[in-house]
Amino acid sequence: MGKDVHQQVTELRVLLDEKLGVRGRTLAIQIRKAGRLLPRHVRRDATYIAQSVALTDNPKLARMVDNAKLQRAHANVVAYLNSINVTERRVTAALNLAASIAFALLVTAVLVLFVLVQRGFV
């Protein structure tokens with residue numbers, strides 16, 4: 001069972017790095033850094049997996065881990081991370097940046113034109 005949990009954690013860490021660009025020494029650190037990039041239910045499942053790793057390392061505490069819940073949590077997190085399209089995220093971020101710059105330029109042009117009209121130059 002211990003190997004299985006550690007393999008799941010390794011898979012999640014690789015997916016978090018590839019899909020969201022979140023790096024860290026442990027899964028818990030990666031989850032914390034991901035923050036709002038992960039929906040609440042996915043973050044809760046990933047946190048459960050990170051907590052269960054510490055429990056599985058100790059033979060007496062390993063009995064506290066619910067394997068069915070652990071498998072469901074792993075499946076939910078992997079399904080969400082696999083649904084992320086990295087290229088689409090980058091294109092969307094670039095378009096949002098371009099749109100905000102264009103909006104700022106438009107507002108500046110309107111304000112300059114308004115000032116010119118008020119002062120009688122136009």
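Helices here are DSSP runs of H or I with at least four residues, numbered from the N terminus. The model is a predicted one, in which local features need pLDDT of at least 70, side-chain atom pairs count only at pLDDT 80 or more, and totals for chains, interfaces and linings use all residues. Residues are numbered from 1 along each chain as its sequence is written, and side-chain values use heavy atoms, with hydrogens and water left out.

Glutamine 30 makes a handy starting point, sitting in helix 2. Is this residue buried or exposed? With a relative accessible area of 2%, glutamine 30 is buried; the word means under 20% relative accessible area, while exposed means over 50% and partly exposed covers what is in between (1.4 Å probe, protein chains only). Its side chain makes a polar contact with that of arginine 13 at 3.1 Å. A polar contact is a pair of N or O atoms within 3.5 Å; within protein, one must be able to donate a hydrogen and the other to accept it, and residues adjacent in sequence count only if both atoms are side-chain atoms. Setting aside neighbours within four places in sequence, glutamine 30 is in contact (heavy atoms within 4.5 Å) with Arg13, Leu16, Asp17, Val22, Arg23 and Gly24.

Two of those partners, Asp17 and Arg23, turn up again as a pair. Aspartate 17 forms a salt bridge with arginine 23, and their closest N and O atoms are 3.2 Å apart. A salt bridge here is a side-chain nitrogen of Lys or Arg within 4 Å of a carboxyl oxygen of Asp or Glu, and the count comes to one. Aspartate 17 counts as partly exposed because its relative accessibility is 32%, whereas arginine 23, at 60%, counts as exposed.

Lysine 19, in helix 1 (residues 2–20), is another story. Lysine 19 is buried yet has no salt bridge, the nearest side chain of opposite charge being glutamate 18, 6.0 Å away; Lys and Arg count as positive and Asp and Glu as negative, with His and the chain ends not counted. What the side chain of lysine 19 does reach is the backbone oxygen of isoleucine 84, at 3.2 Å. Beyond four places in sequence, the contacts of lysine 19 are Leu81, Asn82, Ile84, Val86 and Arg89.

Next comes the nonpolar interior. The largest nonpolar core has 24 residues, and those with the most contacts inside it are Leu12, Leu20, Leu27, Leu38, Ile49, Val77 and Leu81. Helix 1, helix 2 (27–34), helix 3 and helix 4 (67–82) are the elements giving two or more residues to this core. Such a core is a set of buried Ala, Val, Leu, Ile, Met, Phe, Trp, Tyr and Cys residues joined through side-chain atoms within 4.5 Å. Leucine 27 is in contact with Val9, Leu12, Arg13, Leu16, Ala46, Ile49 and Ala50, leaving aside neighbours within four places in sequence. Alanine 50, in helix 3, touches Leu27, Ala28 and Ile31, on the same terms.

Tyrosine 80 lies in helix 4 and counts as partly exposed at 25% relative accessibility. Although tyrosine 80 and valine 42 are 38 residues apart in sequence, their C-alpha atoms are 7.5 Å apart in space.

Finally, helix 5 (residues 86–119) has 34 residues and should span 50 Å at 1.5 Å a residue, which agrees with its end C-alpha atoms being 50 Å apart; the expected span is 1.5 Å times one less than the number of residues. Asparagine 85 caps the N-terminal end of helix 5, with a side-chain oxygen 3.3 Å from the backbone nitrogen of threonine 87. Glycine 120, whose phi is positive, near 90 degrees, follows helix 5.
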